[in-house]
Amino acid sequence: MKKTASYIIIGALLVGTSFSTISHVDAKSLDDLNDQLNQLDKEEKQLKEKQGDVSNKKNDTEQKIDENVSKQDDVETQINKLDDQLSDTKTKINSKEEEITKTNEEIARLNAKIKTLKQEIKKLKKSIKEREALLKERLRAIQKNGGDMKYMEVILGSQNFGDFINRSSAVNTIMDSDRGIMEALEADRKEMEKKKTEVQQNKKDVEDKKAALEDQKQELESLKSKLDKQAAKKQKLMKKLEKEHKHLEDDKMSLEEQERVMDEQAAAIEKAKKSANNQKADLERQAAERRAKAKKKANAQTKTTNSGGGSHQIQTGGSGKLAWPADGRLSSGYGARGGLGFHYGIDIANSAGTPIHASEAGTVTRAEYSDSYGNVVYVYHPHLNLTTVYAHMSSLSVSYGDQVSAGQQVGLMGNTGESFGSHCHFEVHEGQWSYHSGVNPMPYLQ
């Protein structure tokens, strides 16, 4: 009886030990899953906050783009208005230049006319002077001979009275003719002087007109210079706005890419949570079944000491370090690179087609082509709360949402995206990926 009771007690202790071991294993596994779920919940919350921040930045950028476009439209309207004013001013300048040219031609004609009149007046003065000299000579001759010499010569030289009359008439005619010529010459001289005065006045009027045209042209030239400066200033402003617009569009594209990546990350986290919850449910169900079996076995085992031994406990753990993603040489480190900007990862160079492996187990949160990264894969490692990035690959070996193991191939090395030469650009982000938030990968690598 005592022996039987001893067997029962021993059997119960052994079964109890087995049940305790099973419960301990189940509890540890459940604790690990709960920790993972808590970490995923934390990441999901942080991701939602980042999504909200990126959404606000995107809305702000879109508003700035709208304001920029409005400013560009306004500046373009001003430029068009200035172009119209410049075109009108240039037309007026050309018109003034044509008028000035015609005025110069008119001044040249008047100068030529004045020159001709001066020459004619000079000739007339010379002719008058010669006539006056001739008359003076005749008058001196008459005065010297007492004033009657002519008549005496005429009378004495006459053949008869009729001849005398004719001779006297001829002398009077000559005198009258000389006097008429003198008067005509003097009248012509006065007329020429009058014409000269009129032409000189016309020349002065034309020169005044030319001076006014020159002043108007100068004003137009000054206006054109002012408009040119305004147009250049507006063109400079337009280039600045266009450059700003490009930056804003780039920022918007970057934010849209971040939004899309975060959406994919959120979906991956949700998938990981669902998988963890399913595993948790399976563990709880399996633990409940094992407890039920152990309890049933304990109740049935009353006479035997063969309790069936204990259960092996599998302990897992790791250093938390990441394996190098590919073979090759370190061609570029983390940090500032002179005029090339900041490098948010490291570059491992090797020939195209070199395999690239996941540094640690995790979930693929992105696997596609990016303008900057080229063919790129993001892997989130929930147990480390890290995200690793593998960029510029020639091809991808995994897809979005895949669960990858440590060392699993994710793609082949290449030269896609914004890349110079075959290499793997590798980044490490604490938590989920975020734009320009990569940390130095070196402390995380083995």
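**Exercise 1. Strand neighbours**

A349 stands opposite H423 in β11. Find which residue stands opposite A349 in β4 on the other side, and work out how β4 pairs with β1 and β11.

*Before you start.* This is a predicted model, in which local features need pLDDT of at least 70, side-chain atom pairs count only at pLDDT 80 or more, and totals for chains, interfaces and linings use all residues. Residues are numbered from 1 along each chain as its sequence is written, and side-chain values use heavy atoms, with hydrogens and water left out.

*Solution.*

Step 1. Recall the terms: strands (E, at least two residues) and helices (H or I, at least four) are DSSP runs numbered from the N terminus, and two strands pair if DSSP finds at least two bridges between them.

Step 2. Look at R329: this residue stands opposite A349 in β4.

Step 3. Count the bridges. Strands β1 and β4 are antiparallel and share three bridges, while β4 and β11 (residues 423-430) run antiparallel with four bridges.

**Exercise 2. Two faces of one strand**

Which residues of strand β4 point one way and which the other, and are they buried or exposed?

*Solution.*

Step 1. Buried means under 20% relative accessible area, exposed means over 50%, and partly exposed lies in between (1.4 Å probe, protein chains only).

Step 2. Sort the side chains of β4 (residues 346-349): I346 and I348 point one way, D347 and A349 the other.

Step 3. Check the accessibility: all of these residues are buried.

Step 4. Connect this with a general pattern: in a regular strand the side chains alternate between the two faces of the sheet.

**Exercise 3. Partners by charge**

Find the salt-bridge partners of D347, K217 and E99, and say where each pair sits.

*Solution.*

Step 1. A salt bridge is a side-chain nitrogen of Lys or Arg within 4 Å of a carboxyl oxygen of Asp or Glu. The structure holds 11 of them.

Step 2. Start with D347, whose side chain meets that of R337 in a salt bridge (3.8 Å, N to O). The pair links distant parts of the chain, with R337 in the loop between β2 (335-336) and β3 (342-343) and D347 in strand β4, 10 residues apart. D347 is buried, at 8% relative accessible area, whereas R337 is partly exposed, at 32%.

Step 3. Go on to K217, which forms a salt bridge with E97, the closest N and O atoms being 3.4 Å apart. K217 lies in helix α3 (residues 161-300) and E97 in helix α1, so this pair ties together parts that are 120 residues apart in sequence.

Step 4. Finish with E99, which has a salt bridge to K96 (4.0 Å, N to O). Both lie in helix α1 (residues 2-144), three residues apart, about one turn of the helix. E99 is partly exposed, with 30% relative accessible area, but K96 is buried, with 17%.

**Exercise 4. Inside the core**

Which residues of the largest nonpolar core touch the most other members, and which strands supply the core?

*Solution.*

Step 1. A nonpolar core is a set of buried Ala, Val, Leu, Ile, Met, Phe, Trp, Tyr and Cys residues joined through side-chain atoms within 4.5 Å.

Step 2. Pick out the best-connected residues: of the 20 in this core, I356, V377, Y390, V410 and F426 touch the most other members.

Step 3. Trace the strands: β4, β7 (374-381), β8 (386-396), β10 (409-413) and β11 each supply at least two residues.

Step 4. Now find the other core, which lies apart from this one: its 12 residues include L110, I114, L117 and L185.
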